[in-house]
Amino acid sequence: MGSVDGNTRNREGSSTVPHRSRTENPKRGVLEPEFPHLKMASTESRLQQQPSPKDAADLNFDYMFKLLIIGNSSVGKTSFLFRYADDCFTPAFVSTVGIDFKVKTVFRQNKRIKLQIWDTAGQERYRTITTAYYRGAMGFLLMYDISNQESFNAVKDWATQIKMYSLNNAQVVLVGNKCDLEDDRDIPTEDGQRLADDLGFQFFEASAKENINVKQVFEHLVDIVCDKMNEEIDIHRDPSPLPPPRGCAC
Ligand SMILES: Nc1nc2c(ncn2[C@@H]2O[C@H](COP(=O)(O)OP(=O)(O)OP(=O)(O)O)[C@@H](O)[C@H]2O)c(=O)[nH]1
Ligand SMILES: [Mg+2]
């Protein structure tokens, strides 16, 4: 995954806070032309594999969406992203330090959409760093663990953080991860759905481990971000048509 160093400015023009961010034991790598402010770091830490720079360098896209994954520590945010981007899973838990990202290009609604997906650390001590990234995000994946009551209880606080730090029109999907752990389930599906309804979010249960609903969650988030964007383009389009051309007055 990539990570960010220093006091930088991203493509959308928003500044990022000065800090060092890494997964544990990262190898620092090349500067990608598409994200000159970002250093690509390998993800040797968890998966012993190099991210392909192909996606990050690909300039052929119609839109770029910045998405964020948030939620308590250990709910499975990093696993979810690795499953989506690289189709792999590891049972080892290496807690994210600060923030990381991956880039993936998808084809939705006849558009090539480049996703810059930011994986945030769930631990409280990184909150100042991670909330600084909320501002430019167009979509959030708010995650809890269906076998962990505390992570579910924290969802409202995460939703408040989204309201406080993000754009007004950011779209949110609530995800109950680890639905493969049916025997350890603490949160009934209906409770997750009810909370999502209360908060006005879409809802999925999913499993990074068993690859259940992972692609669907991201595709849904991309679709609702697209819909919102199209809605706003329509609103801002000049509603008054041009007057018909006048005939010759002579
Ligand atoms: N059974 C099961 N375990 C999972 C699933 N997703 C993740 N895990 C495990 O849960 C643990 C935590 O996963 P991470 O992806 O590192 O959690 P995180 O939310 O990124 O945690 P932080 O980086 O600390 O915020 C790891 O041991 C994973 O293997 C899942 O869908 N099912
Ligand atoms: Mg993580």
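**Exercise 1.** Start with the second largest pocket of this predicted model: how many nonpolar, polar and charged residues are in its lining?

*Solution.* Sort the lining by class, and you get eight nonpolar, six polar and two charged residues. Next, look at where they sit: 16 residues line this pocket, and Asn168, Ala170, Val172, Leu199 and Phe201 lie nearest its centre. Then bring in the secondary structure. Helix 6 (155-165), strand 8 (171-177) and helix 7 (189-199) each supply at least two lining residues, with helix 6 giving the most, three. The space inside comes to about 300 Å³.

**Exercise 2.** Now find ligand 1: which pocket does it sit in, and what is that pocket's volume?

*Solution.* Ligand 1 sits in the largest pocket, which has a volume of about 380 Å³. Of its 26 lining residues, Ser74, Gly76, Ser79, Phe89 and Lys178 are closest to the centre. Checking classes here gives eight nonpolar, 13 polar and five charged residues.

**Exercise 3.** Work out what surrounds ligand 1, and which polar atoms of the protein lie by its oxygen atoms.

*Solution.* Begin with the shell: 25 residues surround the ligand, with Ser73, Lys77, Ser79, Ser95 and Gly122 the closest. Helix 3 (residues 77-86) gives the most to this shell, three residues. Now go for the polar contacts, using a cut-off of 3.5 Å between N or O atoms. A backbone N or O atom of Gly122 is 2.7 Å from a ligand oxygen, and one of Ala208 is 2.9 Å from a ligand oxygen. For Lys178, a side-chain N or O atom is 3.0 Å from an oxygen of ligand 1. Finally, check the cover: the protein hides 94% of the 650 Å² of accessible area that ligand 1 has on its own.

How values were computed:
Residues numbered from 1 in each chain as written. Chains lettered and ligands numbered in written order. Predicted model: local features only at pLDDT ≥ 70, side-chain atom pairs only at ≥ 80, totals over all residues. Heavy atoms only, no water. Near = heavy atom within 4 Å. Polar contact = N/O pair within 3.5 Å; in protein donor to acceptor, adjacent residues only side chain to side chain. Areas by Shrake-Rupley, 256 points an atom, 1.4 Å probe, with all protein chains shown as cover. 1 Å grid on protein atoms, 1.4 Å probe; cavity = no way out; pocket = protein on both sides within 12 Å on 5 of 7 lines; lining within 4 Å. Sits in = over half its atoms within 2 Å of the grid points. Helix = DSSP H or I, 4+ residues; strand = E, 2+ residues; numbered from the N terminus. Points joined across faces, edges and corners; volume = space filled by probe spheres on them. Nonpolar A, V, L, I, M, F, W, Y, C, P; charged D, E, K, R; others polar.
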